[in-house]
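Thank you all for coming. Please take a moment to look over the sequence and the model before I go on.

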Amino acid sequence: MATSTATRMQQLGYRAPDAVPEPEQLVLVDYVSDGRIAVITINRPHALNAVTTALAAQLIEILETISARASVRVAILTSAGDEAFSVGGDLYERKSMTQEQWLRQRQVFDRVLLELRQSRRPIFTAVHGMAYGGGCEMAISTDFIIASDDAVFGQPEAMVGLSAGGGSPVFLPRFLPPGRAMQMLMTGQPITAQEAYRLGMVNEVHPRAELMDAALRIAEQIAINSPTAVQAVKRAVQMGQGEPVEQAVAIMMEEHWRSVVHPDRMEGIRAFVEEREPVFADPAV
């Protein structure tokens, strides 16, 4: 039996945007915990947080600002509304685009994902509801994911004639068993937060009402540590992935020795001996 258009759009997570004005700020940022934690919120809930060119441009600007702000030690990426983290690129915006406009938008979207992947700051995603297409790809472009118990992750691009191009063919097989990743990409069918957790794609699953409290708790645990050491271990993990073992060890040791001679190590040891909490200075940008 043929799938109806309405059913297929539901499978894609799409609906026509509600007839409300677009928010002036499509992406919000709040600095909490004395500015050490940046909470980045995608703010198009009337359209299930579908990503437009304007939203992507605002997100890039915020990510670049955070990377230049020494006081920020960790960032959380999340979204507004109750139904979706993001259903990916806005197909309603794309329907009237020329091929050139679509390709130019693709370049903007690629910059978003590159900023997320290459951020020196730790950045993780708190996902609720649907994380489809580019929404899922934004999440897997960050350092790790926590999710609410109603979260679902999917890559439905093949259902509209696209090969996924935002990183999921590269990164999903690293998060999931390769065959499970391939099934997601080929069928377009999503997986639940519970299955994503069981397979190692998601670190923690929380009731929806407790998700942001959990995210802030994790962020605080990162923010009280040496920002220099946290950024160093992030570089060691990222740069060592896929390298031969001894090359990965060499990368790790280079970062380790930099931390050995850094003032943060001396402060950490001194605080331990003096039985107090360490006070780590903001790193040079």
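Which residues of the largest nonpolar core touch the most other members? Among its 45 residues, they are I40, V127, M138, F153 and M201, where such a core is a set of buried Ala, Val, Leu, Ile, Met, Phe, Trp, Tyr and Cys residues joined through side-chain atoms within 4.5 Å, and buried means under 20% relative accessible area, exposed over 50%, with a 1.4 Å probe and protein chains only. Helix α2 gives the most to this core, with 7 residues, and a second, separate core of 15 residues includes V74, A126, A214 and A223.

I should say that this is a predicted model, in which local features need pLDDT of at least 70 and side-chain atom pairs count only at pLDDT 80 or more, while totals for chains, interfaces and linings use all residues. Residues are numbered from 1 along each chain as its sequence is written, and side-chain values use heavy atoms, with hydrogens and water left out.

Turning to helix α4, residues 99-118 (helices being DSSP runs of H or I of at least four residues, strands runs of E of at least two, numbered from the N terminus), we find Q105, R106, F109, V112, L113 and L116 buried. They lie on the same side of α4, because they cover an arc of only 115° around the axis, taken from the directions from the helix axis to the C-beta atoms. On the other side, E100, R104, Q107 and Q118 are exposed.

Finally, strand β7, residues 145-148, points I145 and A147 one way and I146 and S148 the other, all of them buried.
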